[in-house]
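Open the model in your viewer and keep the selection panel at hand. The stops below go from one selection to the next.

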Amino acid sequence: MLIRRSRDIKSSEITPESAYLGRREFIALAGVAAGSIAAPGLLVSGARRTSHVARGPQGQSDPLTPIDDVTGYNNYYEFGTDKGDPAANAGAFQTRPWTVEISGEVARPARVNLEDMLRRFPSQERVYRLRCVEAWSMVIPWHGFPLRDLINWVQPTSKARYVEFTTLHDPNRMPGQRSRVLDWPYVEGLRMDEAMHPLTIMVTGLYNRTLPNQNGAPLRVMSPWKYGFKGGKAIVKIRFMEQQPMTTWALMAPDEYGFFANVNPEVDHPRWSQASERRIGEFRRRRTLMFNGYGEQVASLYSGMDLRRNY
């Protein structure tokens, strides 16, 4: 399949413009009452409710992004390239039944029904910052289970050095896949030590709700110190590999999107600065934090690496 390079794509498809933010840039963050977000089909019992303010890495107040913005402003090209397309186009997407194929360098390859997976690995809450490569960010109460629990269950062999995640490919259900904006299916990957890190989770919900379709239902991966494009959505395949996976954006535009995708304010995107970011719902820009503020927990993973080259 032809891979479109960045020069072939309209800037509006991959570059943020002020129009994308629209009214959200001028809505002050407000608390979301717990009762106002309750809905039928809540997550696995035991996930605690979220306070309206999280604490940042230096102890600063970190207000949660309103749920309307979290679910209405998304990058998810499988449902369209504009930020509002996923919410507009993903409503009818059916996520049950859902099976995940686990293969490669593991002692226990399997085809796992999602419901069985959720029973085996109970949900827990993690309030993480999401930082997009387009220099906007959110603070979201995610729900899910540690990826390392799944990894330990399938028992990787000594050859397993990377984990590859593949998104569903079904143009009938995902209308954005009818375009050639990307080479489908979407593929992402992590190094094994990244995948095993306790911060890395398989997301199944947010804001005490089952994960909305436009946010990657029913299963996505989240490593909060990395840019958001590393978090594959609607995952149907997990493969353990000896060699580094060929990931979608790194193949399409290797000068813009590296395999590691660690948030590094000192390495600019070729077309904009990464030194600051705009938190959705705020007026001012913020200074971008190294590793998205999770450096104390994850910097040791990259000891000795040149993080300007391994971007």
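A charge sits over a ring if NZ of Lys or CZ of Arg is within 6 Å of the ring centre and within 35 degrees of the ring normal. This is a predicted model, in which local features need pLDDT of at least 70 and side-chain atom pairs count only at pLDDT 80 or more, while totals for chains, interfaces and linings use all residues. Residues are numbered from 1 along each chain as its sequence is written, and side-chain values use heavy atoms, with hydrogens and water left out.

**Stop 1: Lys 230 and its partners**

Select Lys 230 and Phe 259. The charged end of Lys 230 sits over the ring of Phe 259, at 4.0 Å from the ring centre.

Now add Glu 188. Lys 230 forms a salt bridge with Glu 188, and the closest N and O atoms are 2.6 Å apart; a salt bridge is a side-chain nitrogen of Lys or Arg within 4 Å of a carboxyl oxygen of Asp or Glu. Glu 188 lies in strand β8 (residues 187–191) and Lys 230 in the loop between β11 (220–222) and β12 (235–241), so this pair ties together parts that are 42 residues apart in sequence. Helices (H or I, at least four residues) and strands (E, at least two) are DSSP runs, numbered from the N terminus. Both Glu 188 and Lys 230 are buried, where buried means under 20% relative accessible area, exposed over 50% and partly exposed in between (1.4 Å probe, protein chains only).

**Stop 2: the rings around Phe 259**

Keep Phe 259 and add Tyr 162. Rings of Phe, Tyr and Trp (its six-membered ring) pair if their centres lie within 6.5 Å; planes under 30 degrees apart count as stacked, over 60 as edge-to-face and the rest as tilted. By this rule the count comes to 14 aromatic pairs. Among them is Phe 93 with Trp 98, an edge-to-face pair at 6.0 Å centre to centre with 75° between the planes. Phe 93 is buried at a relative accessible area of 6%, and Trp 98 is buried at 5%. Back at the selection, Tyr 162 and Phe 259 are edge-to-face, 5.9 Å centre to centre and 80° between the planes. Tyr 162 lies in strand β7 (residues 162–167) and Phe 259 in the loop between α9 (248–252) and β13 (276–279), so the pair ties together parts that are 97 residues apart in sequence. Both residues, Tyr 162 and Phe 259, are buried.

Extend the selection to Phe 260, Phe 291 and Tyr 302: with Tyr 162 and Phe 259, these form one aromatic cluster.

**Stop 3: Lys 233**

Move to Lys 233, found in the loop between β11 and β12. Which side chain of opposite charge is nearest to Lys 233? The nearest is Glu 78, 6.5 Å away, and Lys 233 is buried yet has no salt bridge. For this purpose Lys and Arg count as positive and Asp and Glu as negative; His and the chain ends are not counted. Select Asn 75 and Tyr 76 as well. The side chain of Lys 233 reaches the backbone oxygen of Asn 75 at 3.0 Å, and Lys 233 lies over the face of Tyr 76, at 5.2 Å from the ring centre.

**Stop 4: other salt bridges**

A search of the whole structure finds 16 salt bridges. Select Asp 170 and Arg 173, whose side chains meet in one of these, at 3.7 Å from N to O. Asp 170 counts as buried at 18% relative accessibility, while Arg 173 counts as partly exposed at 31%.

Next, select Arg 271 and Glu 256, which meet in a salt bridge at 2.8 Å, N to O. Both lie in the loop between α9 and β13, so the pair ties together parts that are 15 residues apart in sequence. Arg 271 is partly exposed, with a relative accessible area of 37%, and Glu 256 counts as buried at 9%. Then select Asp 62, Arg 129, Arg 131, Glu 277, Arg 279, Glu 282 and Arg 286, which are joined into one network by salt bridges that share partners.

**Stop 5: strand β6**

Finish with residues 136–146, strand β6, where 11 of 11 residues are buried. Two strands pair if DSSP finds at least two bridges between them.

- β5 (residues 124–131) pairs with β6 in the antiparallel sense over eight bridges, and Tyr 128 stands opposite Ile 140 in β6.
- β5 and β6 form a hairpin with four residues between them, and Ala 135 in the turn has a positive phi of about 75°.
- β13 runs parallel to β6 and is joined to it by two bridges; Arg 279 in β13 is the bridge partner of Ser 137.
- β9 (residues 201–206) pairs with β6 in the antiparallel sense over five bridges, with Ile 201 in β9 as the bridge partner of Pro 146.

Technical notes:
Polar contact = N/O pair within 3.5 Å; in protein donor to acceptor, adjacent residues only side chain to side chain.
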